[in-house]
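Visitor: I should like a close look at a single part of this model, set out with its surroundings. Please begin with one residue and work outward from there.

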Amino acid sequence: MLTPTCARCQEPFEITEADQAYYVKRQVPLPKFCPKDRLKRRLAFRNERKLYARKCDASGKIIISNVRPDAPFPVYHTDEWQKQTHEVPQLEGFDFNKTFRQQFRELWLKTPRMHKATAGNEENSEYSNHCGNCRNCYFIFNSEEDQDCMYLKFGDKCSDCVDCHNIILSQLCYECVNVKNCYNLKFSDDCESSSDSAFLRNCRSVKNSMFCYGIDHQEYCLFNEKLSKEEYQKRIQEFRLDSYAGLETAKKRWEEFSAQWPKMRHIILNSENCSGESIYNSKNCSDCFTISNCEDCRYVLNSVDTKDSYDFFAYGMKTALMYECITIANCYDLKFCNYCMYSNSLEYCESCWSCEDCFGCVGLKKAKFCIFNKKYSEEEYKALIAKIKEHMIKTGEYGEFFPEEFSAFPYEDSLAQDYFPMGTEQKQVAMPEGILSVDQLPDLIAHAELNLSDQIFFCPVEQKPFKFQANEIKFYKKVGVALPRVSFEARYRRRNQLIPFPY
Ligand SMILES: [Zn+2]
């Protein structure tokens, strides 16, 4: 076991013998940063939910993108980018009098990028990111095959759900986290196959119940007490979720009642020799979070079907041999790469799709044996790569992920800001003119007019303006809950605290 000092936080960190064997196998030097600083650096390269209206530099049209309008590189709508009818810039040769990063920067600044991450069609769902095959959705992220949903993260095959995290095959759910197969469930987490209920935690097959923890196959339960149908219906009258004041009281009662149990269960299911949290059907994975069907991994998060990988964040899907990579799917043997798909044997590449044997490339599609986007013969490529790596070892660049300055996003827009916040000292901001206080919202949802969506309110938590969507107000009416009085961002942050994360 080695215990080097992290070059960033100056704390010692462990490199086990198994880690060393992995680094030898992947032919990379030992990492200079501790696992936490490596993760923080990688997460600065992923912006899931900060969206901007900006110009598509190919068509000139205004598009919704996760890249800010003032980004220093061209941004194309993904459909335009995928056509690859544009000329992709390249650098002529490798200059051994310069560092890799100096040269890569040049390419990085002039190569067109995709406007956001999409996987499949999006129908009337342009305010989304990292989504595929969703219809009529708004502000949903990392989600697939959803319909009529708003404000989801990791929503899979859901309809009519609002403000949920990690939700699968569910309908009419609101403010739920980690739920599967649920219907008309509200303010609940870690539940399966439950319906017409609110404030449940760790429940399975529960119907018509409120304020329950850890019950199974039950109906008409209140505060974990089984009641008759009549008694239940009578007693729940007291809890008015359709009133803001009533909802606040209910939340307080739930907080008091549920405080006696842990917030989240420790989940490692059908797995062998694993450590971390939220691990399903995996083997020999240590320090991994939210993974399924993974094997021989360490420091892997939010991934499925990933093998033999270290320091990897999202997505996997038939992926193996990832080292220091983020936002990758269907790839094999990648090192230090960001947002690459369907590719093999890449190093230091960004936004490359269906590529093979490339080094230091940006925005390429279906390319092979390229360095700084320039094509070489196989022999030339192999000889030059060996020389470049030698050079980069001398300059101290080889073996480390890109530094944050190479992210397409400012730190504050990235996932790193969610988990390692910087510069968040909340300043009290005076409410701008023309913006309404949330105190002016009606207490009862029945009194909320749909034209409230024309007004702008001020979020007391984020200290920023926010709006309701007309469809959102309709949803609250349908499920009978009062309007929330904080913005999506504040609601998101509160839910995100329930998602397992190592730090
Ligand atoms: Zn560190």
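**A cysteine and the core around it**

Guide: Leaving out residues up to four places away in sequence, Cys361 touches Cys349, Cys352, Cys355, Ala367, Cys370, Phe372 and Asn373. The model in which these contacts are found is a predicted one. Cys361 belongs to the largest nonpolar core, a set of 59 residues, and it is among those with the most contacts inside that core, together with Cys288, Val300, Ile328, Cys340 and Cys358. Several elements give two or more residues to this core. The helices among them are α2 (35-43), α4 (100-110) and α8 (415-419). The strands are β21 (288-292), β22 (295-329), β24 (338-341), β26 (356-359) and β27 (368-371). Strand β22 gives the most, with 16 residues. Apart from this core lies another, of 50 residues, which includes Cys149, Cys158, Cys191 and Ile445. As a general matter, nonpolar side chains in soluble globular proteins tend to be buried together.

A second cysteine deserves attention here. Cys331 is found in the loop between β22 and β23 (332-335). Cys331 counts as buried, because 26 C-beta neighbours lie inside 10 Å and the cut-off for a buried residue is 20 or more. Leaving aside neighbours within four places in sequence, Cys331 is in contact with Thr319, Cys340, Met341, Tyr342, Ser343 and Asn344. One of these partners, Cys340, is also named among the residues with the most contacts inside the largest core. Another partner, Met341, is 10 residues from Cys331 along the chain, and the C-alpha atoms of the two are separated by 6.2 Å.

From here the account turns to a run of paired strands. Strand β8 (residues 138-141) pairs with β9 in the parallel sense, over three bridges. Within this pairing, Ile140 has Leu152 of β9 as its bridge partner. Strand β9 (residues 150-156) has six of its seven residues buried, so the rest of the structure largely encloses it. Strand β9 is also joined by five bridges to strand β10 (residues 162-168), and these two strands run parallel. In this pairing Gly155 stands opposite Ile167 of β10, and Asp156 stands opposite Ile168 of β10. Strand β10 likewise has six of its seven residues buried, so it too is largely enclosed by the rest of the structure. The run continues with strand β11 (residues 174-180), which is joined to β10 by four bridges and runs parallel to it. Here Val162 stands opposite Tyr174 of β11.

Further along the chain comes strand β14, in which Met210 is found. Met210 is buried, with 25 other C-beta atoms within 10 Å. Setting aside neighbours within four places in sequence, the contacts of Met210 are with Ser197, Ala198, Phe199, Leu222, Ile236 and Phe239. Met210 and Lys252 are 42 residues apart in sequence, and their C-alpha atoms are 13 Å apart in space.

Lys252 leads to helix α6, where it is one of the exposed residues, along with Ala245, Glu248 and Glu256. Helix α6 (residues 244-258) has 15 residues and reaches 21 Å from its first C-alpha to its last, close to the 21 Å expected at 1.5 Å a residue. The buried residues of α6 include Tyr244, Leu247, Ala250 and Trp254. Seen down the helix axis, the buried residues of α6 fall within an arc of 115 degrees, so they line one face of the helix. The exposed residues named above are on the other side of α6. The buried residues pack against β13 (195-207) and β14 (210-213), the latter being the strand in which Met210 is found.

Finally, these parts may be set within the whole. The secondary structure of the protein chain comes to 10 helices and 31 strands. Buried residues make up 42% of its 503 residues. Of the contacts in the chain with a separation of 6 or more, 31% are accounted for by residues 24 or more positions apart. The C-alpha trace spans about 80 × 55 × 40 Å along its principal axes. The radius of gyration of the protein chain is 25 Å, which agrees with the value near 23 Å that a compact globule of 503 residues would have.

Notes:
Residues are numbered from 1 along each chain as its sequence is written. This is a predicted model: local features need pLDDT of at least 70, side-chain atom pairs count only at pLDDT 80 or more; totals for chains, interfaces and linings use all residues. The expected span of a helix is 1.5 Å times one less than its number of residues. A residue is buried if 20 or more other C-beta atoms lie within 10 Å of its own, exposed if 12 or fewer, and partly exposed in between; C-beta atoms are placed from the backbone. The arc is that of the directions from the helix axis to the C-beta atoms. Two residues are in contact if their C-beta atoms, placed from the backbone, lie within 7 Å. Two strands pair if DSSP finds at least two bridges between them. The radius of gyration is taken over C-alpha atoms; the globule rule is 2.2 Å times the number of residues to the power 0.38. A nonpolar core is a set of buried Ala, Val, Leu, Ile, Met, Phe, Trp, Tyr and Cys residues joined through C-beta atoms within 7 Å.
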